[in-house]
Amino acid sequence: MKSSPKLLFADPKGRVMEHPYLIATLRSGEELVPPQDSPIPLPEAGRLVHLPGRLPVGLNPDTGELELVREMKVSGKSFVPNAVGALLPPGYTRTFLPGEVKGDGPILPQWAYTAAAWGKDGPVAWAIHTDKRSHWDPVKYSTPEMKALVDEHMARFPGSRVLKQLKTCALLYRCFTSQNTFYVRDEAAIPASVMCNARCVGCISDQPEDGPPASHERMDDGPSGEEMGAIGLYHLEHAPGRTMVSFGQGCEGEPLTRYKAIAEAIRYMRERTDKGSININTNASLTHGLAALFDAGLDAVRVSLNSAVKDLYEAYYKPVKYTWEDVEASIALARERGAYLALNLLLFPGVTDREGEVQALERLVSKYRVDQVQTRSLAIDPLQYLEVARDKGAGGEPVGIRDLLKRLKAARPGLIIGNFARGLEERDNAAGR
């Protein structure tokens, strides 16, 4: 245990330091546990962050007891420390949360906090490299020419409400999918909706006054079908290689609430080109709307969910005039219509990997022959989500995120586990195709 990664803490200015003797602890759901499931070196594009108002909890290597760190003294000055976690770049999935408890602080901003510590060679994090494809490498984004590319593309489509929204997302929030629209490559974003029929606790574009600050500004003017179609058509015609346009982004509401305009956009594109893929990221709430999109030429759908168990799903999504049964009906329809079917699984260690939750997910991917599970570490204050999940969902002891992913692959032979959408040419060997 003496060689186990050391606990990290931060001073009030956010400066991160290594504890002189305490070992890092991990959070799995409600439980704080000793280090396990070996961490990896913090990825180059990852970073350490302090958790304001959260007290770090370490493990005393001599006694084996957990210790709550209420005060630290550095250079003769005493202060109340903040816990420290890591933020991971795309392509990684966390396996544990930071070992911390709530002190005197606010709800944390909406990021996917990951357990971190100081190893013998530097910072480490508890994560799995779940998608090693390199086209989403952070070094390829926010490049010096980004601003010029935005201006150039906006000049092609004067007054486009789609590009007006994406400009903010690309330059201010540095959203990779929105930047792809201006780079004219890979998967491009087409935001569509100002409305939403869910009230997700962790929504990144709409939060109540007593919630954390929303991390994105939601679009406020829904574009027409032709506007969206024109942006999508240009991308499908000009982007090389794996080419895809996707409706349903973090900076908007639920795209199916505007399925008629999106269907018009899809028809606009498909009447003019057969290139690339057209995808929707959705809560899958309106099955009739999804059917209309398939009729128009939609070929891929990614369904967002935090659980395959009704009460936990509905506790997080807080659906308005739809239920978990509608979501499952849409998943069934996607398989019936031959679309590429992916799940955007919002993972939370200690909840998503509980035995009963794993079994429900196994049944779902097997029954509907799901092609891909895109792992997505849920971006939310961990203690906020635990309040949502308490006494909800299927029970049982956590099996671990690593074993959860192994069991999903076993339940659905050929299932792709990854963080990024697959283009048409990458789907040839997908499950059930």
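**Exercise 1. Determine how helices H7 and H8 are oriented to each other, and which residues meet.**

*Step 1.* Helix H7 (residues 310-317) and helix H8 (324-336) pack at an angle of about 105°, with their axes 9 Å apart. Helices (H or I, at least four residues) and strands (E, at least two) are DSSP runs, numbered from the N terminus. Axes are lines fitted to C-alpha atoms, for helices over the stretch in contact, and angles run from 0 to 180 degrees between N-to-C directions.

*Step 2.* The angle makes H7 roughly perpendicular to H8, given that angles under 35 degrees count as roughly parallel, over 145 as roughly antiparallel, 65 to 115 as roughly perpendicular and the rest as oblique.

*Step 3.* On the H7 side, Lys 310, Tyr 313 and Glu 314 meet Trp 324, Glu 325 and Val 327 of H8; contact means heavy atoms within 4.5 Å.

The model is predicted: local features need pLDDT of at least 70, side-chain atom pairs count only at pLDDT 80 or more, and totals for chains, interfaces and linings use all residues. Residues are numbered from 1 along each chain as its sequence is written, and side-chain values use heavy atoms, with hydrogens and water left out.

**Exercise 2. Identify the buried residues of H7 and the elements against which they pack.**

*Step 1.* Buried means under 20% relative accessible area, exposed over 50%, and partly exposed in between (1.4 Å probe, protein chains only). In H7, Leu 312, Tyr 313, Ala 315, Tyr 316 and Tyr 317 are buried.

*Step 2.* These buried residues pack against strand S21 (300-305), helix H8, strand S22 (340-347), helix H9 (355-367) and helix H10 (382-389).

*Step 3.* Just after H7, Lys 318 takes a positive phi of about 45°.

**Exercise 3. Describe the surroundings of helix H10 and of its residue Tyr 385.**

*Step 1.* Seven of the eight residues of H10 are buried, so this helix is largely enclosed by the rest of the structure. The buried residues are Pro 382, Leu 383, Gln 384, Tyr 385, Leu 386, Val 388 and Ala 389.

*Step 2.* The cover over them includes S3, strand S7 (54-59), S13, strand S14 (100-102) and H7.

*Step 3.* Not counting residues up to four places away in sequence, Tyr 385 touches Asn 306, Leu 312, Tyr 316, Phe 348, Val 351, Leu 378 and Ile 380.

**Exercise 4. Establish how strand S22 is placed, and which strands it joins.**

*Step 1.* Eight of the eight residues of S22 are buried, so the strand is largely enclosed by the rest of the structure.

*Step 2.* In a regular strand the side chains alternate between the two faces of the sheet. In S22, Tyr 340, Ala 342, Asn 344 and Leu 346 point one way, and Leu 341, Leu 343, Leu 345 and Leu 347 the other way.

*Step 3.* Two strands pair if DSSP finds at least two bridges between them. S21 and S22 run parallel and are joined by six bridges; Leu 305 has Leu 345 as its bridge partner in S22. Six bridges also join S22 to strand S23 (residues 372-377), again in parallel, and Leu 343 stands opposite Val 373 in S23.

**Exercise 5. Locate the nonpolar cores.**

*Step 1.* A nonpolar core is a set of buried Ala, Val, Leu, Ile, Met, Phe, Trp, Tyr and Cys residues joined through side-chain atoms within 4.5 Å.

*Step 2.* The largest core has 97 residues, and those with the most contacts inside it are Phe 247, Leu 305, Tyr 316 and Tyr 385. Its largest share, eight residues, comes from helix H5 (residues 259-270).

*Step 3.* A second, separate core of eight residues includes Ala 24, Leu 26, Val 124 and Trp 126.

**Exercise 6. Compare the settings of Ser 75 and Asp 186, residues with a positive phi.**

*Step 1.* Most residues other than glycine have a negative phi. Ser 75, however, has a positive phi of about 55°, and the phi of Asp 186 is near 50°.

*Step 2.* Ser 75 is in the loop between strand S9 (72-74) and strand S10 (77-79), and Asp 186 is in the loop between helix H3 (176-183) and strand S18 (187-190).

*Step 3.* Ser 75 is exposed, at 76% relative accessibility, whereas Asp 186 is buried, at 9%.
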